[in-house]
2 protein chains.
Amino acid sequence: MTRPETDPTPQDDAARAGWLYYVAGMTQDQIATELGVSRQRAQRLVSKAISDGLIQVRLNHRIGACMDLEQALQHRFGLQRCRVAPGLGAGADPARAIAVAAASELERYLRQPDPLTIAFGTGRALRAMVEQFNPSGPCPHKIVSLLGNIAPDGSATLYDVISRIAERLNATYYPMPVPVISDTAQEREFFMHLRPVRNVYELARKADVTFVGVGQMGADAPLALDGFVSAEVMAELQEQGATGEIASWVYDARGRYIDSPRNALVGGVRVEPGQSQPVFGVAAGASKIKAIYAAIQGRIINCLVTDEPTAKALLAQD
Amino acid sequence: MTRPETDPTPQDDAARAGWLYYVAGMTQDQIATELGVSRQRAQRLVSKAISDGLIQVRLNHRIGACMDLEQALQHRFGLQRCRVAPGLGAGADPARAIAVAAASELERYLRQPDPLTIAFGTGRALRAMVEQFNPSGPCPHKIVSLLGNIAPDGSATLYDVISRIAERLNATYYPMPVPVISDTAQEREFFMHLRPVRNVYELARKADVTFVGVGQMGADAPLALDGFVSAEVMAELQEQGATGEIASWVYDARGRYIDSPRNALVGGVRVEPGQSQPVFGVAAGASKIKAIYAAIQGRIINCLVTDEPTAKALLAQD
DNA sequence: CCACCAAGCGATGAAATGCTCAATCGCTTC
DNA sequence: GAAGCGATTGAGCATTTCATCGCTTGGTGG
């Protein structure tokens, strides 16, 4: 044999210490004894092994991939928070997938002892969220709606979220008794000047935390499906660059609200870009990718709950 | 266990906690706050993540001493490949130590784009290996078992490796539906002449790469522990010079398969000596030294994954 | 040859972790 | 409906780990 032993090498010790610590599960002074060094030195070796990247930890679970995506999204887009739920596979409703994750985000705020104002938009995703969340304990918070609850035909709008939440929480809640979209500017003005409306409006505008769905444009747009926008107006909006919609306010591919007579008729609060309070976008699905991307770019939302395929697609946007 | 329903999260929480702890480097009460649970619960989740094997640790550094041993073993015994993992210290299961190294060898082949046939034996070491490997990307390979999967009591054998691998890879796999050891030569003949069995047999025999464990003889022999061989037969075999066993085929101290009625009843493929395709022996531990040494001498295996103490002991054999 | 500087070392105290135990909760059974 | 049983929980405590500090050592330049 050439050499009976290679020198007690520099970084080898660190690797060995890290191995004994993480794989063998030894305690640091066991390692110290094993290697014949002091405890402190063993501790330094272990920490060196980590900082030098000698030790790689991975999570052998689907959730692991999701959490990697969360970190990537947070970092890439500067989001305050991000949750990625495992995908349900093709064919399933993506809203189901993200409902639980969204609910747990909501619960984080509901658990707070100090009274908060929590504002909600509407939509399938939020509706799925409220089906999933579990009220626990008393609720000192105010539940506020971001948008009107009067549909064009006078019915309560589909996917009304807020009353469901408030009902299950037993909390005071503030719906917004205005048309989702008024017929005329005068009508909108009239409603928006009513004192109770102004009150709710102010509450919602200053909410401590906001949850919204994200709507895409096109024939399958929620706005179109629910009859708020005719096919002609939709086409017109898209010509103007409309890419998505949050609380019925339409924005372009860079997340800037577009300057359209249509937007001027929307009742309720427009979520302003660049807020410091958390604004959660709760949305997933292939058709929504561009709309979500734009909303993030424009800083309309600063927190995101989505599913795995959507997260991957967002990261793949250039 | 596949879970089509993602709604309630049983072990997902453990995964999440483990990720936050090991990957994000959070402290346990930060995790507790994050997940909205008590500090103790967070600690329990993290420890569950470890005990469930959700956390995978890899050493990204070849320790010099181990590399020296690898080279020495390769040179001395003319091995195609050799990997030596650092020892875990006395008392620990050596299979754990070599699992990661073995997994990374396996992954080298799985990454190959062209379809390969990969054959597997059974045993604790291989089982530990499959727990550690990480499937990545699609798998065009064929996963074949070297030996039968029918135990004497009719149950699926302990330490079944192949189904686990295939399950995680989503690859087509070929178990061998014959008894590990038949009661009579006639029974063996019957099984081995079945067409599907012949098919699997031929696949395994010509595998592009093979992974096997190495069993020792004696009271602590895997064959004895799993009830394939009674104490009397074991004693008899040892009198005939039996030193080790690969895929249930028993060989002597020089690695030559012994000519025993017992060997004639083994179902499945006998790994032939002197193959040009790689045959990996994955084994470590003081009790296995002679068996490994013999298998190498007889050229039954031509690649080795073992741990440091075992490697040293092998080199110390005369 | 000495003074100085940098790097590494061990020690101490504070924080974090993991373990045990008693109490509770939920479920089954009588 | 009550009692029993097992699993789960939270609290306290012992252990382990981590960060900061002053000291020693070894090397360098004057």
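**Entry 1: strand β8 of chain B**

I started with strand β8 of chain B, residues 242-246, in this predicted model. Is β8(B) buried or exposed? I found five of its five residues buried, so the rest of the structure largely encloses this strand.

Next I looked up its partners. Strand β7 of chain B, residues 215-216, is joined to β8(B) by two bridges. These two strands run antiparallel. I noted one pair here: B:Gln216 has B:Gly244 as its bridge partner in β8(B).

Strand β9 of chain B, residues 249-252, also pairs with β8(B). I counted four bridges, again in the antiparallel sense. B:Ile246 is matched with B:Trp249 in β9(B). The hairpin of β8(B) and β9(B) has two residues between the strands. I checked the backbone there, and B:Ala247 takes a positive phi near 55 degrees.

**Entry 2: strand β11 of chain B**

I then turned to strand β11 of chain B, residues 303-307. Five of its five residues are buried, so β11(B) is largely enclosed by the rest of the structure.

Which residues of β11(B) lie on each side? I wrote down B:Cys303, B:Val305 and B:Asp307 for one side. B:Leu304 and B:Thr306 are on the other. Both faces are covered, and the residues on both are all buried. The pattern fits a general rule: side chains in a regular strand alternate between the two faces of the sheet.

I looked for neighbours of this strand too. Strand β2 of chain B, residues 81-85, is joined to β11(B) by five bridges and runs parallel with it. In that pairing I found B:Val84 opposite B:Thr306. Strand β10 of chain B, residues 279-282, also runs parallel with β11(B), with three bridges. There, B:Gly281 has B:Leu304 as its bridge partner.

**Entry 3: helix α8 of chain A**

I moved to chain A and picked helix α8, residues 185-193. Which of its residues are buried? I listed A:Arg188, A:Phe191 and A:Met192. Why do I say that they line one face of the helix? Looking down the axis of α8(A), I see the buried residues fall within an arc of 95 degrees, so they line one face. I recalled that an α-helix has 3.6 residues a turn, so residues three or four places apart point the same way. On the other side of α8(A), I found A:Gln186, A:Phe190 and A:His193 exposed.

**Entry 4: domains of chain A**

I checked how chain A is divided. Domain 1 covers 10-51 and domain 2 covers 62-316. I noted 50 Å between the C-alpha centres of these two domains of chain A.

**Entry 5: DNA strand C**

I listed what surrounds DNA strand C. From chain A come A:Ser38, A:Gln40, A:Arg41 and A:Arg44. From chain B come B:Tyr21, B:Thr27, B:Gln28, B:Arg39, B:Gln43 and B:Arg44. Of the atoms of DNA strand C that come within 4 Å of the protein, sugar and phosphate account for 70%.

I looked up individual contacts. The side chain of A:Ser38 has an N or O atom 2.5 Å from a phosphate oxygen of DNA strand C. An N or O atom in the side chain of A:Gln40 is 3.4 Å from a base nitrogen of this strand. A:Arg44 places a polar side-chain atom 2.7 Å from a base oxygen of DNA strand C. The elements giving two or more residues to this surface are α3 of chain A and α3 of chain B. By class, I found one nonpolar, five polar and four charged residues near DNA strand C.

**Entry 6: DNA strand D**

I repeated the search for DNA strand D. Chain A supplies A:Tyr21, A:Thr27, A:Gln28, A:Gln43 and A:Arg44. Chain B supplies B:Ser38, B:Gln40, B:Arg41 and B:Arg44. Here 65% of the strand's atoms within 4 Å of the protein belong to sugar or phosphate, and the rest to bases.

I again noted contacts. A side-chain N or O atom of A:Tyr21 is 3.2 Å from a phosphate oxygen of DNA strand D. B:Gln40 has a side-chain N or O atom 2.9 Å from a base nitrogen of DNA strand D. A base oxygen of DNA strand D lies 2.8 Å from a polar side-chain atom of B:Arg44. Two elements give two or more residues to this surface: α3 (39-51) of chain A and α3 (39-51) of chain B. Which gives the largest share? I found α3(B), with three residues. The surface near DNA strand D divides into one nonpolar, five polar and three charged residues.

Methods. Residues numbered from 1 in each chain as written. Chains lettered and ligands numbered in written order. Predicted model: local features only at pLDDT ≥ 70, side-chain atom pairs only at ≥ 80, totals over all residues. Heavy atoms only, no water. Near = heavy atom within 4 Å. Polar contact = N/O pair within 3.5 Å; in protein donor to acceptor, adjacent residues only side chain to side chain. Nonpolar A, V, L, I, M, F, W, Y, C, P; charged D, E, K, R; others polar. Buried < 20%, exposed > 50% of the residue type's maximum accessible area, 1.4 Å probe, protein only. Pairing = 2+ DSSP bridges. Domains from an automatic or database assignment. Arc of directions from axis to C-beta.
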